[in-house]
Structures are given as structure tokens and as C-alpha cells.
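Pull up the model and keep the sequence beside it. We'll take a walk through the inside, the ligand site and a couple of loops.

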Amino acid sequence: MIDKIFKSGYVSVIGRPNVGKSTLLNAIIGEKISAISSKPQTTRQNITFIHTDEDAQIIFLDTPGIQKPKNKLGEFMLTESKEGIEDSDVITYIVDTSKKIGRAERSIIDILKEYKGKLPIILLINKVDTIRKDELLEIISMYAEEDIFDEIIPISAMKNDGVDIYLGSLKKYLKAGPMYYPEDMITDKNERFIVAEIIREKGLMYLNEEVPHGLAISIEKFKKREDKNMYDIDANIYVERDTHKGILIGKNGSMLKRIGTEAREDAERLLDAKVNLQIWVKVEKNWRDRDNLVKRFGYDK
Ligand SMILES: Nc1nc2c(ncn2[C@@H]2O[C@H](COP(=O)(O)OP(=O)(O)OP(=O)(O)O)[C@@H](O)[C@H]2O)c(=O)[nH]1
Ligand SMILES: [Mg+2]
């Protein structure tokens, strides 16, 4: 019998906002850890996802979408993505099925050129469920011409298509190594963090324009009852302007109620318990541009 060599390593998952990085990692782990939304800039900080099977432990980093920062929060997010790349053994770059390489994509490719030959770079073309085969072939050859990718793999993160091929390919590039984390651990984030992200995700889902991008969640209380399988959770939602507060609360409180109800349902699934979720709305004027507030809301090393 030949002993198989156990492999491990760090894989950063980077790309422009909204290409499906978080969808892919949630699919690999089989749990909703990262918030997902149709709006760009959903992920704001690096989140570790740990995949362990009999061959390997792959430690993925979900990163904020790379784009030009518009405020202090944006600067933090860009630093997160870049540090994610620095710390990895393999880089995964995700794009969607756009037929041209736009300016945002170009600037990421320029960053990646510095890593060519130093780290393996896997390109994933995501959302292939939305295009025809011939279109896909054109996109593949467009990226192949860049000559920096060790592999190009088409996937649909949403349909869990091609994800096994991606995992198999990663294992080729990872080196022999130990288990860094316990076998059953899937993320470095705690339940408090995930519940805050669930609330923010519902905001991204139902609010429009600038309002959802200016939300920050702070969990004030997170307590399991002793006599019952139930949690009492108090959260503050911060918005950037008084007018945004009105929009978030909605007519007769309808918007806040909708967000609160859906967040509670998701939190109950996560915690496998009943949840009593209380939410308050507060204003912190232009917090995304204020260093101390950006840090206080958790966007800090
Ligand atoms: N059709 C299709 N849609 C997808 C697929 N993967 C993700 N999406 C959708 O794309 C949108 C963005 O997904 P996210 O996973 O939040 O993207 P992200 O790259 O993490 O975005 P940021 O965190 O903002 O950088 C969501 O509406 C997803 O449902 C896919 O394979 N096919
Ligand atoms: Mg994301």
C-alpha cells in the first residue's frame, strides 16, 4: 500500500466585485458563511474558509472585490485583497463571462503579472450557466492570450458545476503539509460575525443605491438562554445619513421588519436554535470616511 501524501496550503480567491467569489466558497464548504448579493462590494474583509478531505486541507480566503477605493472603508478593503494575495500558496482569480477584458479586469491582471512564475495562478471563468459553449471558447482564448494562467477552468458556482474539477486542480499545486486547523472547522469567523453579515446581506438585498453600502452592523448582545434552545441577539444597524435611516425603517417600519424577519430566519438556521432578534437603527454620519469608525465597526487588522 502506498501512503498518500497529505497536502495543505492557502488559496486566495480574488477578483472584481460581483463575479461570484463568495458564492463559490460557500458552495465548496456547503455552508453560508459569506454574504452574497447582486450588488458589488458585498464582501468587506477577508474571510477564511477551511476545506478538509482525505487528501488535503485547503484554506481559502474570500476577499473583497478589487476596485478603486472611494473612502476609508474602500482603502481597507483593497489592502485586505492585496494582503490575501501575498499570503497565499496558490492564487485563484475569478472573472465572469464578460466578452471583453475591461479596465477593472486589466488592473487586476497587471497585479497578477508580478506573481507569474512565483505562484500558481488558476483562472476561473464563473457564471458559465449564462452563456453558450461557443461564447465560452472565445472567452477562454481571450484570457489564454494573457499568458499568465497555469489553468483556466470554467465553472458555475451557483449550480456547483466544475467546482470538483477546480478542487482537483488545486490539489496538484499544493505541497505536502500538515493540518493547520481541526478537521471539522470550516471558518475562522465566529457566529456573532456571521449573524452580523446575515443582517447586512438582507440590507443589500432590499435596499438600493447608496443606502446598503453605508450599512454597518454591530452586535450588542449575543446570548444563549440557559433554560431553552434560544438566543437573544441585539444588533445596531448604522447608516450614514438621517434620510437613510427613514429608508431603512420604511413605511410603518415595514422595511426593517422584512430585513429583521429574514435575518432571524437565517440566524435560526445557522445556530440551529430559536432566535429573538432586536434591531435598532442609528446614524453615524459618513462613517465610511472616518478612520476611527471604520475600525470600530470591525474593519481593522
Ligand atoms: N448566473 C450565475 N450567477 C452567479 C453565479 N455565481 C454567483 N452568481 C451571482 O452573482 C452575484 C454576486 O455573487 P457574490 O458571490 O456575492 O460575488 P462576489 O464576487 O463575492 O462579490 P463581492 O463580495 O462584492 O466582491 C450574486 O447575485 C450571485 O447570485 C453563477 O455561477 N451563475
Ligand atoms: Mg463576496
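One bit of vocabulary before we start: a residue counts as buried when its relative accessible area is under 20%, as exposed when that area is over 50%, and as partly exposed in between. Keep in mind, too, that this is a predicted model.

With that cut-off in hand, try Asn-160. Its relative accessible area is 46%, so Asn-160 is partly exposed. You'll find Asn-160 in the loop that links strand S6 (151–154) to helix H5 (163–173). Check its backbone while you're there: phi is near 55°, a positive value, and Asn-160 isn't a glycine.

Lys-127 makes a nice companion. This residue sits in the loop between strand S5 (121–125) and helix H4 (133–144), and phi of Lys-127 is also positive, near 70°, again in a residue other than glycine. Because its relative accessible area is 28%, Lys-127 goes down as partly exposed as well.

Lys-127 also takes us to the ligand. One of its polar side-chain atoms lies 2.9 Å from an oxygen atom of ligand 1. Asp-129 puts a polar side-chain atom 2.7 Å from a nitrogen atom of ligand 1, while for Ser-156 the partner is an oxygen atom of the ligand, at 3.1 Å. How much of ligand 1 does the protein bury? On its own, the ligand exposes 660 Å², and the protein buries 90% of that. There are 22 residues around ligand 1, and those that come nearest are Lys-21, Thr-23, Gln-41, Thr-42 and Asp-129.

Now for the inside. In soluble globular proteins, nonpolar side chains tend to be buried together. Here, the largest nonpolar core has 55 residues, and the ones touching the most other members are Phe-60, Tyr-166 and Ile-199. Which helix gives this core its largest share? That's helix H6 (residues 191–206), with seven residues. The core also draws on both domains, taking at least three residues from each of domain 1 (7–176) and domain 2 (191–296).

Zoom in on Phe-60 to see what being a hub looks like. Leaving out residues up to four places away in sequence, Phe-60 touches a list of residues that includes Val-11, Val-13, Leu-25, Ile-28 and Ile-47. Thr-48 and His-51 are among its contacts too, and so are Tyr-166, Leu-167 and Leu-170. Apart from this core lies another, of 24 residues, with Ile-91, Leu-119, Leu-123 and Ile-125 among them.

Notes. Residues numbered from 1 in each chain as written. Chains lettered and ligands numbered in written order. Predicted model: local features only at pLDDT ≥ 70, side-chain atom pairs only at ≥ 80, totals over all residues. Heavy atoms only, no water. Core = buried A, V, L, I, M, F, W, Y, C linked by side-chain atoms within 4.5 Å. Buried < 20%, exposed > 50% of the residue type's maximum accessible area, 1.4 Å probe, protein only. Helix = DSSP H or I, 4+ residues; strand = E, 2+ residues; numbered from the N terminus. Domains from an automatic or database assignment. Contact = heavy atoms within 4.5 Å. Near = heavy atom within 4 Å. Polar contact = N/O pair within 3.5 Å; in protein donor to acceptor, adjacent residues only side chain to side chain. Areas by Shrake-Rupley, 256 points an atom, 1.4 Å probe, with all protein chains shown as cover.
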